[in-house]
Amino acid sequence: MAVAIKPPKFSLAFLGPRYWLVWLGVILLYVVTWLPFPAIRGLGRGTGWLLGKLAKSRVKVARRNIQLCYPQMTAEAQDKLVKHNLRRAGMAVYETAMGWWWPDWRVRKHGTVEGFEHVEAILAANKGVFGMALHNMNLEFACRILGLKYPSIAFYRKHNNPLMDYLQYHGRARSNKYMIHKRNARALIAALDEGELCLYLPDQDYGRNQSIFVPFAGVEETATTTATMMFIRRTNSEPLIVTSQYAEKGYKVKFYPPMPQLKELDDVPALTLLNQNIADIINEQPESYLWMHKRFKTRPDPQAPSLYK
């Protein structure tokens, strides 16, 4: 079995004054999760409006990303998408709490899984499932939905605040079979070779050292991690894309058909194809994507001006 992260233990120090503000925020969030779902959505819209006023630098990043990826859009349409994205960001605060603390029956009521037959076919062939997940705002809650259907293996990044790390780990543990350190590539390889369903995030800027530059949406040269191809080639697994979307009853986790052709292609055509598929899937619900991240921070020429200035 791959090396799992050891669960952080509760400490009596968490009861001290240093953590009182954290506890206050956590208790408020917990209480909110027991409100009716429409009321939580209303709070999400209000929180999104507040984010627009308080997190102006992040709003600026989102606006720039949308301009770069949708140059064909009118300025009015881009502005509308930014505002809709802010509402999704506000709701994500509560979706995280819902994912950590909602009882199973309530998760099932508002969450479904689509395309799971693709996962079942891969597992039946005694292979691991390399689930390439998109950075959608509602990903935290989607992981809980998936965990009730089939627990997965996921990378984990330790939180800087010890109390938040304790709460985050045990909240996410309800969704996953176990978790591995985000830098432990060997553990992910082992889990895939053991026939597990594993989740990996290929759609962020991980820097120059482990990336090549291929097209993504409207940006011709986008830093795209080559680690994705390493996992695909070195494991007995099949890659597919998985995303989280809003649906009529709440949310759905959606699996897309496997992409076995990636293993046979060189890095440039393989990652170009992957990015094209990711962009197409983002277009299904562009307001849900994490546009506030500097996806295009790393440029091919280190001396080139930033796309965010």
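This report covers the nonpolar cores, the central strands and the two largest pockets of a predicted model.

**Cores**

The largest nonpolar core holds 49 residues. Those with the most contacts inside it are F130, M132, L188, I241, I282, W291 and F296. Take L188 as an example. Leaving aside residues up to four places away in sequence, L188 touches F130, F155, I180, C198, Y200 and F231. Another core lies apart from the largest one and has 27 residues. Its members include F37, V129, L146 and V253.

**Strands around β8**

How many of the 11 residues of strand β8 are buried? The count is 10, so β8 (residues 237-247) is largely enclosed by the rest of the structure. Buried here means under 20% relative accessible area.

β8 pairs with strand β2 (residues 128-133) through six bridges, and the two run parallel. Within this pairing, A133 has V242 of β8 as its bridge partner. β8 also pairs with strand β9 (residues 250-255), again over six bridges but in the antiparallel sense. There, V242 is partnered by F255 of β9. V242 thus has a bridge partner in β9, F255, and is itself the partner of A133. Two residues separate β8 from β9, and the two strands form a hairpin.

In a regular strand, side chains alternate between the two faces of the sheet.

**Pockets**

The two largest pockets are set side by side below.

| Pocket | Volume | Lining | Nonpolar | Polar | Charged |
|---|---|---|---|---|---|
| Largest | about 1800 Å³ | 49 residues | 29 residues | 13 residues | seven residues |
| Second largest | about 200 Å³ | 13 residues | four residues | two residues | seven residues |

Which residues lie nearest the centre of the largest pocket? They are H135, L139, E140, R172 and L201. Several elements each supply at least two residues of this lining, among them helices α1 (20-33), α7 (139-149), α8 (162-172) and α10 (227-234). Strands β3 (152-156), β4 (176-181) and β5 (197-200) do so too. Helix α4 (75-101) is also on that list. α4 gives the largest share of the lining, eight residues.

In the second largest pocket, G48, W49, G52, K83 and L86 are the closest to the centre. Helices α2 (37-54), α3 (56-69) and α4 each supply at least two residues of its lining. α4 therefore contributes to the second largest pocket as well as to the largest.

Key. Residues numbered from 1 in each chain as written. Predicted model: local features only at pLDDT ≥ 70, side-chain atom pairs only at ≥ 80, totals over all residues. Heavy atoms only, no water. Core = buried A, V, L, I, M, F, W, Y, C linked by side-chain atoms within 4.5 Å. Buried < 20%, exposed > 50% of the residue type's maximum accessible area, 1.4 Å probe, protein only. Contact = heavy atoms within 4.5 Å. Helix = DSSP H or I, 4+ residues; strand = E, 2+ residues; numbered from the N terminus. Pairing = 2+ DSSP bridges. 1 Å grid on protein atoms, 1.4 Å probe; cavity = no way out; pocket = protein on both sides within 12 Å on 5 of 7 lines; lining within 4 Å. Points joined across faces, edges and corners; volume = space filled by probe spheres on them. Nonpolar A, V, L, I, M, F, W, Y, C, P; charged D, E, K, R; others polar.
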